[in-house]
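Work through the following exercises with the coordinates open, and try each task before reading its solution.

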Amino acid sequence: MKAVVELTRATKRYGRIAALQDVSLALNPGETVAVIGHNGAGKTTLMKLVLGLIRPSSGSVLVHGADPAGRKGARVRRSVGFVPESVAFHAAMTATELLSFYARLKGAPCEKNKTLLERVGLAEAAHRRVGTYSKGMRQRLLLAQALLGQPGLLLLDEPTSGLDPESRSQIYETIDQLRTEGATVMLSSHALAEIEHHVSRVALLHRGRLIAAGDLPTMRRQVSLPSRLRLTVKHCMTERVLSSLTEEVTLMSRGPDWLEFAVPETSKISLLREVTAMPDVVLDVEMKHPSLEVLYHHLCAEEE
Amino acid sequence: MTALLVIAGQEVRAGIRNRWVIMTTVILAALALSLVLLGSTPTGTIGASPLTVVVVSLASLTIFLVPLIALLLSFDSIVGEDERGTLLLLLAYPVSRGQIVLGKFVGQITILALATVVGYGVAGAVLYFGSAGDAENWPDFAVLIGTSILLGAVFIALGVLVSIVVRERATAAGLAVGLWLLLVLVYDLALVGLLVADQGKSVTESMLNGLLLLNPTDIYRLINLTGHDAVAQVAGMAAMQANLSLSALYAALLAWVALPLAAGVLIFNKRRA
């Protein structure tokens, strides 16, 4: 499978500061990859490299097999949609006017603009001045311009920051739709709990270096963080459950009718087998895997 | 090429929307009209046609006003987009940086040309229907409108260059005001001071010509106030009628448009996004 985006040992230096260092990352067709990391970790620099707005100091960046900052850069950018972190559109223009401007720039047919505005939920406000828009509406307009011309690759720089829950879920809905349509998406975000369920892979940047990349189960196995297991048991039966367990587990907290354990990855299955063997005492089992947020803090702390 | 025109078109549309077009047209028309209506009073004694008087006074007014309007239109072309975040978005489109710069320039000069043609045209129409036509001087009026637009183009090009070299909108505004003061007021004062102090000892005529070509407003003045006999008499600049040919003056003015633009594109291409 040919990668849509391929960074090979890409480094970007501004003076003596390395904004990105030795980053190798490939995005396969149809993948949704989240780039996470602290502020200034190099997320935006990475996107600018992929867009060809800046050139790598060393290493290489290829988009659809071509150099986005090279002579064929314009052709590459025609099939890329971009949502920058913050944009203040001309306040006196309407959404329809702005979208047709961007469509003409991209060489996309203007007839589809109406459908596009409907898709992001701006159909009713299409003829209102953008100055009257809420933050969520402006962000949705920004997403609409990125979808012009049905790009095969979308770069979304913190598309949900500062939005209300409804706008957020609408943006994720669109991302999920794009996924099913086969578009490749790279998005950066700080809302780790939210993106967890909308991406196929995560790339973690820390001080300009890529310290982890992969799907969540793989990353969990690598860091071997314990999962949480919560058992609901019959009243006052907790002692009986505890005494009959042979697997090595750590009891985190307990109540008269519940127990919570930290379970290492290696003993997860055998513990579950033991627990489910006592259906008369154990009423319910709830397993919580370490979240992306926990993984993130763990990996960053390891780097320090 | 298409992208350039799309950007220029958007610039004009924005100019109409934020009332720049109507404002500049009204200002230019109002001032030109007042000159036409007031300016015809004192003409009888010197035997010049009212049209010639209007051309001379309008040219003097243009030198102050048009550069100011041009700089106001253009000083934040790039830096303004940068601060709003729309520049990053624009650069992510299949558009070259040269197209962005030239598109902005074309859009802004269209706005200024529209305002000048309509504004001065209204004054011209009043003059045409009001007084007995002195047909032979109408070309001077046409030259006035054309060169006023060209002078505007020079200062738009300079404003666009300013908007590329600075990193903050406020700096661009300051620089634009400084540029206006220097080229419209200070330069000529300094030149007069130099000539008075020198008493014609070391400043030769060709040196003076060179010094005049270094300032676009002086080139404009030379074209409009000394380029034509009838006008030069009224303007009291017959003595100045330089040995510079008209074509050299036009070429110099065009160079003043082309050089800042070329420098702007070059610098914009080099700087990081």
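The exercises below concern a predicted model and go from the fold of one chain to a helix pair and then to a contact between chains.

**Exercise 1.** Determine how many helices and strands chain B contains, and what share of its residues is buried.

Solution. Assigning the secondary structure of chain B gives twelve helices and zero strands, and reading along the sequence therefore yields the pattern α-α-α-α-α-α-α-α-α-α-α-α. Counting neighbours next, one finds that 45% of the 273 residues of chain B are buried. Among the contacts in chain B with a separation of 6 or more, 83% join residues 24 or more positions apart.

**Exercise 2.** Describe how helix 3 and helix 10 of chain B pack, and name the residues in contact.

Solution. Begin with the axes of helix 3 (residues 50-74) and helix 10 (residues 216-226) of chain B, which lie 10 Å apart at an angle of about 165 degrees. Because angles over 145 degrees count as roughly antiparallel, helix 3 of chain B is roughly antiparallel to helix 10 of chain B. Their crossing is right-handed. Helix 3 of chain B contributes B:V55, B:V56, B:A59, B:I63 and B:P67, while helix 10 of chain B contributes B:T217, B:Y220, B:R221, B:N224 and B:L225. Sorted by class, this contact has seven nonpolar, two polar and one charged residues.

**Exercise 3.** Characterise the side of chain B that touches chain A by its elements and residue classes.

Solution. The contact takes 19 residues from chain B and 21 residues from chain A. On the side of chain B, the elements giving two or more residues are helix 1 (2-17) and helix 5 (86-91), and helix 1 of chain B gives the most, with five residues. By class, this side of chain B divides into eleven nonpolar, five polar and three charged residues.

Definitions and conventions: Residues are numbered from 1 along each chain as its sequence is written. Chains are lettered from A and ligands numbered from 1 in the order in which they are written. This is a predicted model: local features need pLDDT of at least 70, side-chain atom pairs count only at pLDDT 80 or more; totals for chains, interfaces and linings use all residues. Two residues are in contact if their C-beta atoms, placed from the backbone, lie within 7 Å. Helices (H or I, at least four residues) and strands (E, at least two) are DSSP runs, numbered from the N terminus. Ala, Val, Leu, Ile, Met, Phe, Trp, Tyr, Cys and Pro count as nonpolar, Asp, Glu, Lys and Arg as charged, and the others, Gly among them, as polar. A residue is buried if 20 or more other C-beta atoms lie within 10 Å of its own, exposed if 12 or fewer, and partly exposed in between; C-beta atoms are placed from the backbone. Axes are lines fitted to C-alpha atoms, for helices over the stretch in contact, and angles run from 0 to 180 degrees between N-to-C directions. Angles under 35 degrees count as roughly parallel, over 145 as roughly antiparallel, 65 to 115 as roughly perpendicular and the rest as oblique. A crossing is left-handed if the near helix is turned anticlockwise from the far one by less than a right angle, and right-handed if clockwise.
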